[in-house]
Amino acid sequence: MIVLAGTDYVAGTDYATRAVPLLPSRVNRAVIAIVRVGVGLLWLQNAGWKTPPDFGRGDPPDGLYLSTTYAVSHQVFGPYAWLVDRLVLPNFAFFGWMVLLVEASLGAFLLIGLATRFWAVVGMAQTVVIMLSILNAPHEWYWAYVLMLLAHMALFATAAGRYGGLDGLLRPSWQGSRSRFARLLVRVS
Amino acid sequence: MRTRDSLDRGALVLGVVSIVSAVFVFVHGTFQLVQIGAAGLVVALVLGLLAVVAGWLDERALMLGAGAGFLIAAAVQLVLLAGGRSGFLGGNASTFSLWLGLGVGLVAVGLAAVPEATEESLEATN
């Protein structure tokens, strides 16, 4: 039997597939929903300056290409700088598209609160990648990226899509389904 | 107790989000979260209204239609961006991201089975 600290909610093993409200307060649920939507909008807006097909690779470089070159010119972590120099920059069209699709998806899914815990983990990984590229770049405030990381950790820990998001609406039907995909969605929401 | 009402409300909210996004036709600079052009405005308003009506009337076919419409619009915007321009839709990757979310959301809600309400679903929608 599990007793959640700070709440009156108790989950027994009989209720393993049933929900236990993590946030009993309506105010807390609203705040978590606002944080999720805010983080989603962060990714959504910043997908906008990822501009295919060259993603800023030109003379002079700008946009995503310029940001990525900082991993080499203002090195944060040697092996990552080597990887960017030898693999990412020479194949930048591919990696530019990957960044665009990942960040646009982060915006899309966090905004609507679908598979939120999965996308929170993706957001953490993408934030670390960004940190490894530009943490030592000029005019960057490293706490901004630490805060991004912490925000995604909060979304994951609170299963933020269950509050004002589609995860909260759809989990009951996923829980009632025997399909593997539905079970997967229960786990990532 | 059923949770269909909650799903309908979800579709309605997604439609309202699309309609509200139309305001970004007039917002530029720092606070322009998404780039909406003239044709994009039509997409946002027509499909958003369709989603609102679908949620209001509990019409799952309409939800799926609106969702499919957003996904097609997102795909077209992405293809246009791949050509190096915003194209006739006038959007950018933010527009793609927004329409992707609305499309996936409406399709997910439209396809959802209607289970008995659980304590969690009630908590989530309160």
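Biologist: How many residue pairs are in polar contact between chain B and chain A?
Modeller: This is a predicted model. Both residues of a pair must reach pLDDT 80 or more to be counted. Salt bridges between chain B and chain A come to 0. The count of residue pairs in polar contact is 7.

Biologist: Which element gives the largest share of the side of chain B that touches chain A?
Modeller: The elements of chain B that give two or more residues to this side are helix H1 (4–21), helix H3 (60–82), helix H4 (93–111) and helix H5 (119–125). One of them gives 11 residues, the largest share. That element is H4(B).

Biologist: What area is buried between chain B and chain A?
Modeller: The contact takes 37 residues from chain B and 35 residues from chain A. Carbon and sulfur atoms give 70% of the buried area. The total is about 2800 Å².

Biologist: Is A:Tyr142 buried, partly exposed or exposed?
Modeller: A:Tyr142 is found in helix H6 (residues 142–157) of chain A. A:Tyr142 also helps make a nonpolar surface patch of about 650 Å², together with A:Trp141, A:Trp143, A:Leu147, A:Leu150 and A:Met153. Its relative accessible area is 44%. That value lies between the cut-offs of 20% and 50%, so A:Tyr142 is partly exposed.

Biologist: How far apart in space are A:Ala125 and A:Leu149, C-alpha to C-alpha?
Modeller: A:Ala125 sits in helix H5 (residues 116–134) of chain A. A:Ala125 is partly exposed, at 44% relative accessible area. In sequence, A:Ala125 and A:Leu149 are 24 residues apart. In space, their C-alpha atoms are separated by 8.6 Å.

Notes
Residues are numbered from 1 along each chain as its sequence is written. Chains are lettered from A and ligands numbered from 1 in the order in which they are written. This is a predicted model: local features need pLDDT of at least 70, side-chain atom pairs count only at pLDDT 80 or more; totals for chains, interfaces and linings use all residues. Side-chain values use heavy atoms; hydrogens and water are left out. Patches are made of residues with over 30% relative accessible area and no salt bridge: like charges are joined within 9 Å, nonpolar side chains (Val, Leu, Ile, Met, Phe, Trp, Tyr) within 5 Å. Accessible areas come from the Shrake-Rupley method with a 1.4 Å probe; for residues, only the protein chains shown count as cover. A salt bridge is a side-chain nitrogen of Lys or Arg within 4 Å of a carboxyl oxygen of Asp or Glu. Helices (H or I, at least four residues) and strands (E, at least two) are DSSP runs, numbered from the N terminus. Buried means under 20% relative accessible area, exposed over 50%, partly exposed in between (1.4 Å probe, protein chains only). Contact means heavy atoms within 4.5 Å. Buried area is the accessible area (1.4 Å probe) that two parts lose on being put together, summed over both. A polar contact is a pair of N or O atoms within 3.5 Å; within protein, one must be able to donate a hydrogen and the other to accept it, and residues adjacent in sequence count only if both atoms are side-chain atoms.
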